[in-house]
Amino acid sequence: MPTAYAPVRVLVAGAGAFGTEHLDRLAGRSDAKVVGVADTDPAALERIRSRHGVVNCLTDPSRLIDSVEADAIIIATSATSHVEICVRALGRNLCALLEKPVAPSAAAAAPLLASARSSGGFVLPGHVLRFSQDHVRLVEIVRSGRIGEVIYANSRRYRDDSHAVRYADIDPVLMTLIHDIDLAQWVTGSDFRSVLARRSGGTGGRSMTAVCATTTTGAPCDLRTAWTFVDGDLPPDHLEVVGDRGSVVLIVGQALHVYAEGRRTDYAPAAADDPLRNEQDHFLACVRDRSRARALDLPQALAGLKLADAAIESLRLNREVILSA
Ligand SMILES: NC(=O)c1ccc[n+]([C@@H]2O[C@H](COP(=O)([O-])OP(=O)(O)OC[C@H]3O[C@@H](n4cnc5c(N)ncnc54)[C@H](O)[C@@H]3O)[C@@H](O)[C@H]2O)c1
């Protein structure tokens, strides 16, 4: 375990777009030191070597985990490799920040739970919006009771159509709507009992997906993602929670409005917030202090995956899917 003063020794698996986002932030930190990077693509490793001068750059994450002394790992490879790499890391008692989706399905994630139970390390699922100041404020407002009991939520996330090419091997439900699923779990604080999903405008990634998931308390949550926009100006991400005495709406990067007690209250969005940096702060603090309460845990991420699986099943069957308890 790192001492209170030594930098946390971090491995990074995956040096693509998001791995690079992590590495750029780690490079600016004095409380962490990147001691190795793995990526199956030698060109990605070469980019990182010249950008950050990391010495241990290997094409095999398992070999990196086995050969380089470290305290923690950030796993930002493609989803199909998450479980294998994370299980290996947990076997070496590393703490893992595991990018979403933590696995390609809930069934595939089962080994993670078993490995986490017997490891000295832990898994922090990389649901970065849990660390966005504006989302945290929205959830605080909901929890304060100002808008009453939650009876409805909706969340939308529209992306440009390059996503359909860049992430051709993964369903938009798992790639982007998984954020909205996690937000729905977080804001309602509830499990889900059923899901009905629809897709239009295309059969593959370049399409619009609309999911209605209903909590066990009966609150419908409309979750939408589209990968149909041409690169440029996109409608902002949007999260609305309706209670039985008011509502709160976050237009990401623009505004947070609360409608309660007969009036509208406006909050300016947090200035210069960096949720990924905040997530790293939290992860590194948890690595230093294993007794610290983590913002979310593996069972919560697995519940989200179960809902994502059910949404994909609903698309396949073209009907509502009931979730098992
Ligand atoms: N939290 C967020 O907002 C957010 C945003 C984007 C991506 N992500 C997640 O980050 C992960 C990576 O996404 P990305 O956009 O960087 O994708 P990417 O395709 O740009 O990068 C993935 C990298 O992983 C490497 N890789 C794949 N399989 C590997 C393996 N078995 N071992 C080692 N390297 C391997 C690839 O060569 C590639 O360089 C995904 O899980 C994605 O969902 C999260």
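Here is a short chat about the ligand site and two backbone details in this predicted model.

Visitor: Hi! Which residues are closest to the ligand?
Guide: In this predicted model, the closest are A17, F18, D39, K100 and Y167, out of 22 residues that surround the ligand.

Visitor: What's the mix by class in that shell?
Guide: The shell has nine nonpolar, nine polar and four charged residues.

Visitor: Nice. Which polar side-chain atoms should I look at around the ligand's oxygen and nitrogen atoms?
Guide: Try H82, where a polar side-chain atom is 3.2 Å from an oxygen atom of the ligand. Then look at E99, which has a polar side-chain atom 3.2 Å from a ligand nitrogen atom. The backbone takes part as well: a polar backbone atom of F18 lies 2.7 Å from an oxygen atom of the ligand.

Visitor: And how much of the ligand's accessible area does the protein cover?
Guide: On its own the ligand has 840 Å² of accessible area, and the protein covers 79% of that. The space the ligand takes is the largest pocket.

Visitor: Where does the ligand lie relative to the two domains?
Guide: It lies between them, because domain 1 (8-126) and domain 2 (130-276 + 306-322) both give residues to the shell.

Visitor: Which helices supply at least two shell residues each?
Guide: Helix 1 (17-27) and helix 8 (172-188) each do.

Visitor: Switching to the backbone: where is there a cis peptide bond?
Guide: Between K100 and P101, with omega at about -15 degrees. P101 sits in the loop between strand 5 (95-99) and helix 5 (110-118). Most peptide bonds are trans.

Visitor: What about N93, is its phi positive or negative?
Guide: Positive, near 60 degrees, and N93 is not a glycine. Most residues other than glycine have a negative phi. You'll find N93 in the loop between helix 4 (82-91) and strand 5.

Notes. Residues numbered from 1 in each chain as written. Predicted model: local features only at pLDDT ≥ 70, side-chain atom pairs only at ≥ 80, totals over all residues. Heavy atoms only, no water. Near = heavy atom within 4 Å. Polar contact = N/O pair within 3.5 Å; in protein donor to acceptor, adjacent residues only side chain to side chain. Areas by Shrake-Rupley, 256 points an atom, 1.4 Å probe, with all protein chains shown as cover. 1 Å grid on protein atoms, 1.4 Å probe; cavity = no way out; pocket = protein on both sides within 12 Å on 5 of 7 lines; lining within 4 Å. Sits in = over half its atoms within 2 Å of the grid points. Helix = DSSP H or I, 4+ residues; strand = E, 2+ residues; numbered from the N terminus. Nonpolar A, V, L, I, M, F, W, Y, C, P; charged D, E, K, R; others polar. Domains from an automatic or database assignment.
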